[in-house]
Amino acid sequence: MNYDVLLINIISALLGALYIIYYFSAAFAYNLTSKSKSFFIITFGLLNGTVSCLTSTTALKPVFLLTLSIALIMAVLKAPFIQAFLSFSIYIIGLAIGNALIPVIIPNQTVATLQTQPLLLLAGNLFASLVAFLVFMLVRPIKKYIKMISSSDRFLLLLTAATIAVLCTTFAIHLYSSNFSKNFYLITAAISISYCIFTILMWFNALRHVIREEDLKQQKFYNESLRSTLFELRRFRHDWINNLTVIASMIKMNKTAELKQYVSELIDQCSSHINTQIFDIKNAGLFGILSSKINLAAEKGISVNMSVIGEIEDIPDIKISELCEVIGIFMDNAIEEAVSVDKSISVNIVNGESFIEISISNSCRTAPDMQKIYHEGFSTKGTGRGMGLAIAKKIINSYKNILHITTYEDNVFTQTLEIANKKGQ
């Protein structure tokens, strides 16, 4: 055994262990103890460096290293298989890219010649490790970028990147290997193809899971909206059966004065709590969330002045569950503020030629800080608050067809959503 090569491989593996720990911290927010980190770095470095040196002449070297590394990551860092697989794969991809660039940095060199020159081998391994480090440094910004794009685009991006990276890096070593045998080449090709197939199947499975979860979420949302609407209809029917029974009794008893007073009270009650314009909203989700919030406002003694221009049925290019989550947050905030001010809020909905506009207004005791109201955790109502508007803003920012306008004028705070309408395109 060449102990110089063994030592260099161990040093490279130790660096790889550091990168993997950084990956779990950046990508999954793992909080590992110093003892776990030290044990993993030492174990990963010694075992991977030794196995890499002992299997340098066999075509199964990638299989041995992949199996050993995933087992170590799962056992020591307590990571699930997929995360362990991805972390080591990113490390190998970074090393392969670095190895592919070695002929540019150190010209006229092959694997065989580097093995006989420890200093050049060390320089090459350190360079490859540096490239791997740069790849790992991209994990955090890439993760943030992926969160900003839609699920379908995210899937295509990751699938394309993973496939291209695996295909390119697996054969990178061939660029500077003069003793690359045909059998070794075929085995490596089989491993590469298997890796790509596994990656594709894994992402297709993840995509199916995302689609299934989204379908279930939408179905649950519509069921809850329908349940809420049916409950209100049953309550309305029950109340009016009782009212008609009382009216019929008063008529039989010739209680004319009491009858007039009772009917007058019913009319006042209907005028204050029932706005028939809500029935121009034909979208079940939007109707459900608004009717439930209007009922909540009525229970708190708050009147809701609603205006609906045009029938609202199809709302294009937005998940109704997410739109209703935003509307629910805006309504909750308006109701909470209206309780201590003038006991009224306004909801205006317009179905225009080129957009659907939804505005929710309420009076305010004090002017809100327009620069901070959407910051997570910011609230004028005490600690542990301020999550709603931050969540709403995040949802709105994920759509390119929504214009969000926030205004404060004459002590009135207004949230307006303008959703691009396909009719105007």
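This passage describes a helix pair, a salt bridge and a surface patch in a predicted model.

Two packed helices are described by the angle between their axes and the distance between the axes. Helix 2 spans residues 34-54, and helix 3 spans residues 61-76. Their axes lie 10 Å apart and meet at an angle of about 165°. Angles over 145 degrees count as roughly antiparallel. Helix 2 and helix 3 are therefore roughly antiparallel to each other. The crossing of helix 2 past helix 3 is right-handed.

Side chains of opposite charge can pair when their charged atoms come close. The count for this model is one salt bridge. Lys293 and Asp332 form this salt bridge, and their closest N and O atoms are 2.8 Å apart. The pair links distant parts of the chain, with the two positions 39 residues apart in numbering. Lys293 belongs to helix 11 (residues 284-299), whereas Asp332 belongs to helix 12 (residues 320-338). The two partners fall into separate classes of exposure. Lys293 counts as buried because its relative accessibility is 15%, under the 20% cut-off. Asp332 has a relative accessibility of 30% and so counts as partly exposed.

A nonpolar patch lies on the surface. Leu130, Phe133, Leu134 and Met137 make up this patch, which covers about 350 Å². Leu130 sits in helix 6, which runs over residues 118-137. The relative accessible area of Leu130 is 45%, so this residue is partly exposed.

Note on methods. Residues are numbered from 1 along each chain as its sequence is written. This is a predicted model: local features need pLDDT of at least 70, side-chain atom pairs count only at pLDDT 80 or more; totals for chains, interfaces and linings use all residues. Side-chain values use heavy atoms; hydrogens and water are left out. Patches are made of residues with over 30% relative accessible area and no salt bridge: like charges are joined within 9 Å, nonpolar side chains (Val, Leu, Ile, Met, Phe, Trp, Tyr) within 5 Å. Accessible areas come from the Shrake-Rupley method with a 1.4 Å probe; for residues, only the protein chains shown count as cover. A salt bridge is a side-chain nitrogen of Lys or Arg within 4 Å of a carboxyl oxygen of Asp or Glu. Helices (H or I, at least four residues) and strands (E, at least two) are DSSP runs, numbered from the N terminus. Buried means under 20% relative accessible area, exposed over 50%, partly exposed in between (1.4 Å probe, protein chains only). Axes are lines fitted to C-alpha atoms, for helices over the stretch in contact, and angles run from 0 to 180 degrees between N-to-C directions. Angles under 35 degrees count as roughly parallel, over 145 as roughly antiparallel, 65 to 115 as roughly perpendicular and the rest as oblique. A crossing is left-handed if the near helix is turned anticlockwise from the far one by less than a right angle, and right-handed if clockwise.
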